[in-house]
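Please examine the sequence and the structure shown below. The exercises that come after them may be worked through in order.

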Amino acid sequence: HFQTKGKFMLDPTYCQPCTTAVPVIIQGQDKVLQVVLKSQQSGNPVDITSASEIEAIFLNTDGTYTEKKLSTGGISVISGPGGNFQIALSPSDTQAMAVSTGGAFSDIEIHVTIASKVSIVILTGAVNILARRFPTAP
């Protein structure tokens, strides 16, 4: 499922507790995404212990972007040597996100800065963003 442009890939085993291989985000609800970056060449986790910045970018409905960063607390490293980090999304973050359409899943753009070198990876089809069907209860 997960294709990338760059040298990293998302490990689909880290989308727990989702029930499919692609995590579901419902607009207006909070969500924590677990991400493991692995080398496309070796399949081994990429050590992010010395990352000075990790940034995740999601497309919004109005053409702008929701950005989450390690430096501002939106991203937390779980296991540096294991390439594992999580992205915490608030209800306002997910409400703004563009809904996945036409049976295609949405992409996440990840920027990882290690030793002043920025690596960019596009996690193609990494999440399924759904519109909220019912209003929030009072």
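The exercises below, each with a worked solution, concern a predicted model.

**Exercise 1. The overall architecture**

Task: Determine how many helices and strands the protein chain has and in which order they run.

Solution.
Step 1. The protein chain contains 1 helix and 10 strands.
Step 2. Read from the N terminus, the order of the elements is β-β-β-β-β-β-β-β-α-β-β.
Step 3. The protein chain has 138 residues, and 41% of them are buried.
Step 4. Among contacts with a separation of 6 or more, 64% are made by residues 24 or more positions apart.
Step 5. The accessible surface of the protein chain is about 7,400 Å², and carbon and sulfur atoms hold 54% of it.

**Exercise 2. Strand β5 and its partners**

Task: State how strand β5 pairs with β6 and with β9, and explain why β5 is described as largely enclosed.

Solution.
Step 1. Strand β5 covers residues 51-59 and pairs with β6 in the antiparallel sense, over 5 bridges.
Step 2. Two positions illustrate this pairing: Ala-56 stands opposite Lys-68 in β6, and Ile-57 stands opposite Glu-67 in β6.
Step 3. In the hairpin of β5 and β6, 5 residues lie between the strands, and Gly-63 has a positive phi near 90 degrees.
Step 4. β5 also pairs with β9 in the antiparallel sense, over 6 bridges. Here Ala-51 has Ile-114 in β9 as its bridge partner.
Step 5. Of the 9 residues of β5, 7 are buried; therefore β5 is largely enclosed by the rest of the structure.

**Exercise 3. The two faces of strand β6**

Task: Decide which residues of strand β6 are buried and which are not.

Solution.
Step 1. The general pattern is that side chains in a regular strand alternate between the two faces of the sheet.
Step 2. Strand β6 (residues 65-69) shows such alternation: the side chains of Thr-66 and Lys-68 point to one face, and these residues are buried.
Step 3. Tyr-65, Glu-67 and Lys-69 point to the other face and are not buried.

**Exercise 4. From the end of β9 into the loop**

Task: Compare the settings of Thr-113, Ala-115 and Ser-116: is each buried or exposed?

Solution.
Step 1. Thr-113 is found in strand β9, which spans residues 106-114. Its relative accessible area is 14%, so Thr-113 is buried, the limit being under 20%.
Step 2. Beyond its neighbours within four places in sequence, Thr-113 is in contact with Ser-50, Ala-51, Ser-52, Glu-53 and Val-118.
Step 3. Ala-115 is in the loop between β9 and β10. Ala-115 is exposed because its relative accessible area is 68%, and exposed means over 50%.
Step 4. Ser-116 is found in the loop between β9 and β10 as well. With 74% relative accessibility, Ser-116 also counts as exposed.
Step 5. Most residues other than glycine have a negative phi. Ala-115, however, has a positive phi near 55 degrees, and Ser-116 has a positive phi of about 65 degrees.
Step 6. Ser-116 lies 63 residues from Glu-53 in sequence, while their C-alpha atoms are 9.3 Å apart in space.

**Exercise 5. The largest pocket**

Task: Describe the volume of the largest pocket and identify which element gives the largest share of its lining.

Solution.
Step 1. Empty space can be located by rolling a probe the size of a water molecule over the atoms.
Step 2. The volume of the largest pocket is about 190 Å³. The elements giving two or more residues to its lining are β5, β9 and β10.
Step 3. β9 gives the largest share of this lining, with 4 residues.
Step 4. Among the lining residues are Ile-57, Phe-58, Leu-59, Ser-106, Asp-107, Ile-108 and Glu-109.
Step 5. Sorted by class, the lining consists of 8 nonpolar, 1 polar and 2 charged residues.

Key:
Residues numbered from 1 in each chain as written. Predicted model: local features only at pLDDT ≥ 70, side-chain atom pairs only at ≥ 80, totals over all residues. Heavy atoms only, no water. Buried < 20%, exposed > 50% of the residue type's maximum accessible area, 1.4 Å probe, protein only. Contact = heavy atoms within 4.5 Å. Pairing = 2+ DSSP bridges. Areas by Shrake-Rupley, 256 points an atom, 1.4 Å probe, with all protein chains shown as cover. 1 Å grid on protein atoms, 1.4 Å probe; cavity = no way out; pocket = protein on both sides within 12 Å on 5 of 7 lines; lining within 4 Å. Points joined across faces, edges and corners; volume = space filled by probe spheres on them. Nonpolar A, V, L, I, M, F, W, Y, C, P; charged D, E, K, R; others polar.
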